[in-house]
Amino acid sequence: MSITLPAVALRGMTILPGMVAHFDISREMSVKAVEAAMTGDQTLFLVTQRDIEIDCPKAEDLYEVGIVATIKQVIKMQNGIVRILVEGKRRIRLISLISQEPYLLAEGEYVEEDQDACSAEAREGMRRAIQEAYARYASLNPRLGKEYFRQIAETKDAARLMDLIANNIPVYYEEKQNYLEAVTLEERYETLMEILLQEVNIISLKNEFQSKVRERVDKNQKEYLLREQMKVIREELGEDNIGDDAEQYMESLEKLNASREVKERIRKEIDRFKNIPPSSSESTVARGYIETLLELPWDTASKDNKDLKNAKKILNDDHYGLEKVKERMLEFLAVHNLTSKGQSPIICLAGPPGTGKTSIARSVAKALNKEYVRICLGGVRDEAEIRGHRRTYVGAMPGRIAAGLRTAGVKNPLMLLDEIDKVSSDYKGDTSSALLEVLDSEQNSKFRDHYVEIPLDLSEVMFIATANSVQDIPRPLLDRMELIEVNSYTENEKLHIAKEHLMRKQIKKNGLKRNQLAVSDEALGMVVRSYTREAGVRGLERKIGEICRKAAREIYEDNRKKVSVTKKNLSQFLGKEKYTFDRADKTDEIGIVRGLAWTSVGGDTLEIEVNVMPGKGEFKLTGQLGDVMKESAQAGISYIRSVSEEYKIPKSFFREHDMHIHIPEGAVPKDGPSAGITMATAMLSAITKHKVRWDVAMTGEITLRGRVLPIGGLKEKTLAAKNAGMKTICVPKKNEKDMEEIASEIKKGLKIVYVETMKDVLKTAFV
Ligand code: ADP
């Protein structure tokens, strides 16, 4: 039996029997349908559209099965929208749409379930199965209300139970529509069961995802909590500075003048540091590392004073004499000003100790307004001292170069590499090659310190090196440097330095005033001559300091206004004279010749003795000798043998005699090829019994054929000869030019003989 009812096409929802639902209607034809129903028995034909988009659906646009519902409430809202509350009653199959204007009028027939189609047991079985499936679904879905649960438990009819459940499961309307269209109980059971199982699956998957996410969130939260707790514990223990420190580091980092990469790197270190427990040793290491990085002058530079006049003034004010050195220094500064960074050559000041090398470098720094750092390389044997230790070592530190930069606080200081000749290499790596990297302008813009790890830019550092002995500087290093020689001082120069510089310095240092101490020139001269014997003025400065100290004491204790030091009372201040010039024995002797030597602390004389005695032609060398000297002695013998006829030495002489050469005095090993002619002269004198003049000293190397080769350290040697009271010195002819450059003050009273061959030497030396 068919019925005709006003119909509303539903979009995106399906209403099932027993379901109470409300929805909004906006289409005019639907509103009209509701109005028509309200004037009748308030019954509506609700049928779902297959496609939500369609506005005026035809019969084929609608699902086949809909529902007859009674309207329970109608509310008119704004904009012509009507909200209605309906209750689904019975399934109805759409037969046709009778009209579409002014509203849908549908003809349909009820879909009836055949109650007898399945047995009571089957119904009950289905009911239980559904209930169980639902229980499982509900257990995964704890938000379901209790009331509803009870209702389900109490429903005894399978059909009603299914409708009840279907109504309340939040699934897409298509699935509800499927359920609606299932007519027989079995069909409905299957559809619903499918929906339920599917839901259970979906929900358990959803729960699984959720719990995974929750686990992650929980872990984070737990860590946060633990960290907070740890903070409190640290506070309690008084260890709560790690956060503060990290913050302070961050603040310093903000202010740091460095490139982005460097800053990023330091930031990472600080982050790492925050997570290290403060009591662990690792924390101390990290702290030291970060502090070092923060203190290094990455991009901080000072501004140079390029005024050469000013530089000249400072150099002159600070140092007496040293004209050549100052000239070279000023030339060097001019070049430094003109060239761009890292291009200027590296200066090496070479000379005996106490001759003002360090102090000149300091003056240069002052003149240029540069920061000054001194790196003492004396005794450095381990490469790590220059390049730093890797941080994995306990007590690792940056190398001296990096540490020097840190002390300077700018990236363009003047760095003094003091005593570069004293570095040595051993099994711990090659120190000089590390230094080479420092000095090489090609490489030093990216100098790698093992500790710092981030490359350092040394290209703007101004390096000045000092050395006592040029020979000891490793060759590759020497090649990179420009040598400026600083020579020993003469007595007169020392006197000037003492008067014009050292006195002033020491008076000030010892808290005296200038008018409280007067030292006569004569007294100073005595200090120079009789209390010190050195190439430089360091000992002299110490002695003057001693005078100042004693004077200060007298002034303080005896309430004296002024202390005067003269030649007479000098010994009260400095004690007995230390050096009386041991003038040479003034007798001419056989087999004893005075040589002149150059050592790293200045010049010296050395007496060479030779004895000849009957024997088997053996040859002995004793005393302080270097390897070169031994070779010189051999060359001397060969020469003498070659000229033995000339000196009427019998052929058998060398077979029947032993010869002993000895160099008695001097604690310093004397090396350098300059004693050849001295030894040859002594030997020949001993063999031929010719006496040698006491007042002749000589220096020069000998060849096998008796030629004399030039030598170095002429100034020091000449000074030593003069101090020893010599009257004549034999100097290689090839050194004549160098001699011209030596101040006449030194040469005064000395007869200088330029020798080309041994013959010339013997002519001068033999009586
Ligand atoms: P070095 O480095 O050559 O061993 P220093 O530079 O330490 O020697 O010099 C030692 C001391 O002698 C310093 O106090 C220095 O000022 C002083 N001095 C050296 N030479 C001169 C000089 N020509 N004029 C003034 N003072 C000098």
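**Exercise 1. K747 and its polar partner**

Task: In this predicted model, find which backbone oxygen lies 2.8 Å from a polar atom of the K747 side chain.

Solution.
1. Locate K747. Its place is in helix α26, residues 744-747.
2. Look at the polar side-chain atoms of K747. The backbone oxygen of M739 lies 2.8 Å from one of them.
3. List the contacts, leaving out residues up to four places away in sequence. K747 touches M739, E740, I742 and I752.
4. Check for charge pairing. K747 is buried yet has no salt bridge. The nearest side chain of opposite charge, E740, is 7.6 Å away. A salt bridge needs the atoms within 4 Å.

**Exercise 2. The ligand's surroundings**

Task: Describe which residues surround the ligand and which come nearest.

Solution.
1. Start with the shell. There are 18 residues around the ligand, and G354, K357, T358, K505 and R538 come nearest.
2. Assign helices. α12 (357-368), α17 (491-509) and α19 (538-558) each supply at least two residues of the shell.
3. Find polar contacts. A polar side-chain atom of K357 lies 2.7 Å from an oxygen atom of the ligand. For the side chain of E541, an N or O atom is 2.8 Å from a ligand oxygen. T355 uses a polar backbone atom, 3.2 Å from an oxygen of the ligand.
4. Judge the cover. Taken alone, the ligand exposes 560 Å², and the protein buries 91% of that.

**Exercise 3. A covered helix**

Task: Find how many residues of helix α15 are buried.

Solution.
1. Mark helix α15, residues 431-439.
2. Apply the cut-off: buried means under 20% relative accessible area.
3. Name the buried residues. They are T431, S432, A434, L435, L436, E437, V438 and L439.
4. Conclude: 8 of the 9 residues are buried, and the helix is mostly covered.

**Exercise 4. Two salt bridges**

Task: The count comes to 44 salt bridges. Take the one between R227 and E223 and the one between E385 and R400, and place each pair in the chain.

Solution.
1. Take R227 and E223. Their closest N and O atoms are 3.9 Å apart. Both residues lie in helix α6 (residues 185-237), 4 residues apart, about one turn of the helix.
2. Read their exposure. R227 counts as partly exposed because its relative accessibility is 44%. E223, at 37%, also counts as partly exposed.
3. Take E385 and R400. Their closest N and O atoms are 2.5 Å apart. This pair links distant parts of the chain: E385 is in helix α13 (residues 383-387) and R400 in helix α14 (residues 400-408), 15 residues apart.
4. Read their exposure. E385, at 28% relative accessibility, counts as partly exposed. R400 does too, at 30%.

Notes: Residues numbered from 1 in each chain as written. Predicted model: local features only at pLDDT ≥ 70, side-chain atom pairs only at ≥ 80, totals over all residues. Heavy atoms only, no water. Buried < 20%, exposed > 50% of the residue type's maximum accessible area, 1.4 Å probe, protein only. Lys, Arg positive; Asp, Glu negative; His and termini not counted. Polar contact = N/O pair within 3.5 Å; in protein donor to acceptor, adjacent residues only side chain to side chain. Contact = heavy atoms within 4.5 Å. Near = heavy atom within 4 Å. Areas by Shrake-Rupley, 256 points an atom, 1.4 Å probe, with all protein chains shown as cover.
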